[in-house]
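Subject: Structure for your review

Dear colleague,

Please find below the structure that I am handing over to you. My notes on what was found in it follow directly after.

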Amino acid sequence: MTQTVIESSGLHWHEEPSGAELAISLGKAVAERLQRTLSQADSASLVVSGGSTPAPVFSYLADADIDWARVCVTLADERWVPPGHSDSNETLVRDTLLQNKAAAASFIALYREGVSDEQALQQIASDVLGMQQPFSVVMLGMGGDGHTASLFPDAPVLELSTAMSLDNDKTVAFMNPPSVSQRRITLTRACLLNSEHRFLHITGAGKRSVLNAALETCKGKTYQSGFAPVTGLLTEQPENASIYWSP
Ligand SMILES: O=C1O[C@H](COP(=O)(O)O)[C@@H](O)[C@H](O)[C@H]1O
């Protein structure tokens, strides 16, 4: 593994030659962080992302020797589709992470059925805030447009600015970015930043360029309108954030 510190931001960059090796390095780092919390507290909390990138890390973690019965897992964001749908992040997590040893972990779903939006937001906030705080580990991904979780750059201005505001005391928010077909629900930036450590997991030259351009634009400054949302999860307490990348 190659490890460097990005000079302009102080962020730690970890690089492996392949996605399979990256999944192992990242899986080990996440497992160590969970163990660290479990050695100091009754329970640990793990926030994970969905999409196409994290499946190999989830499979690694599913076999990790951790007291999973003391770990609670939730999602950074969800597509508003029921479990079982091919786009459901919950389904990905259940099929890849919550297997084998990790099947003993508890899971808080973001998708809720049969309740109003307001009730869903209240229930999720209450469940998520019941997890070990600050979160032991937050695992983030990034889309080619610079979104992370479901904090999309093209979301309606008020939705995005509220979800990104550090003065926002809401835990979770609905997002309606026109670039994607489904409505989204996401943990807010303030909620995600309340974490011991954030790992950003990205692969491919394209995403590396997007991230580098985003970091160059923001120059380590706190998030403001016009910056790629992903930077808002990296430039605050950069010592508590690491980027894991492979081609
Ligand atoms: O839609 C989403 O996109 C991001 C990135 O996904 P990827 O497929 O490009 O890895 C993901 O982190 C997020 O959880 C997901 O809902």
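The secondary structure of this protein, which is a predicted model, consists of 7 helices and 11 strands. Its radius of gyration is 17 Å, close to the 18 Å that the globule rule gives for 247 residues, so the protein is as compact as a globular protein of that length. Taken along the principal axes, the box filled by the C-alpha atoms is roughly 45 × 40 × 35 Å. Of the 247 residues, 43% count as buried. If one takes the contacts between residues at least 6 apart in sequence, 72% of them join residues at least 24 apart.

With regard to annotation, UniProt (unreviewed entry) places the feature "domain: Glucosamine/galactosamine-6-phosphate isomerase" at residues 19–233. Over that range the chain is 37% helix and 16% strand, and the C-alpha atoms at its two ends are 23 Å apart.

The model also contains a ligand, and you may wish to look at its surroundings. The residues around the ligand are Ser49, Gly50, Gly51, Ser52, Thr53, Ala76, Asp77, Asn89, Gly141, Met142, Gly143 and Ser150. By character, this shell divides into 9 polar, 2 nonpolar and 1 charged residue.

I would next draw your attention to strand β7, which covers residues 137–140. Val137 and Met139 point one way from this strand, while Val138 and Leu140 point the other way; all of them are buried. Strand β3 (residues 44–48) runs parallel to β7 and is joined to it by 2 bridges. Within this pairing, Leu46 stands opposite Val137. Strand β10 (residues 198–203) also pairs with β7 in the parallel sense, over 3 bridges. Here Val138 has Arg198 of β10 as its bridge partner.

Several individual positions in loops deserve a separate note.

Ser88 is found in the loop between β5 (77–79) and α3 (89–97). Is Ser88 buried or exposed? It has 23 C-beta neighbours inside 10 Å, and the threshold for a buried residue is 20 or more, so Ser88 counts as buried. Apart from its neighbours within four places in sequence, Ser88 is in contact with Arg79, Val81, Pro82 and Pro83. Ser88 and Ser106 are separated by 18 residues in sequence, and their C-alpha atoms are 18 Å apart in space.

Pro134 belongs to the loop between α4 (117–129) and β7. The peptide bond that joins Gln133 and Pro134 is cis, with omega at about -10°.

Two further residues have a positive phi although neither is a glycine. For Ala149 the value is about 50°, and this residue lies in the loop between β7 and α5 (157–164). Ala149 has 29 other C-beta atoms within 10 Å and is therefore buried. For Gln237 phi is about 40°, and its place is the loop between α7 (205–218) and β11 (241–246). Gln237 has 12 C-beta neighbours inside 10 Å; a residue with 12 or fewer is exposed, so Gln237 counts as exposed.

With kind regards

Terms used: Residues are numbered from 1 along each chain as its sequence is written. This is a predicted model: local features need pLDDT of at least 70, side-chain atom pairs count only at pLDDT 80 or more; totals for chains, interfaces and linings use all residues. A residue is near a molecule or strand if its C-beta atom, placed from the backbone, lies within 6 Å of it. Ala, Val, Leu, Ile, Met, Phe, Trp, Tyr, Cys and Pro count as nonpolar, Asp, Glu, Lys and Arg as charged, and the others, Gly among them, as polar. Helices (H or I, at least four residues) and strands (E, at least two) are DSSP runs, numbered from the N terminus. The radius of gyration is taken over C-alpha atoms; the globule rule is 2.2 Å times the number of residues to the power 0.38. Two residues are in contact if their C-beta atoms, placed from the backbone, lie within 7 Å. UniProt positions are given in the numbering used here, feature names are shortened, and annotations may be inferred rather than shown by experiment. Two strands pair if DSSP finds at least two bridges between them.
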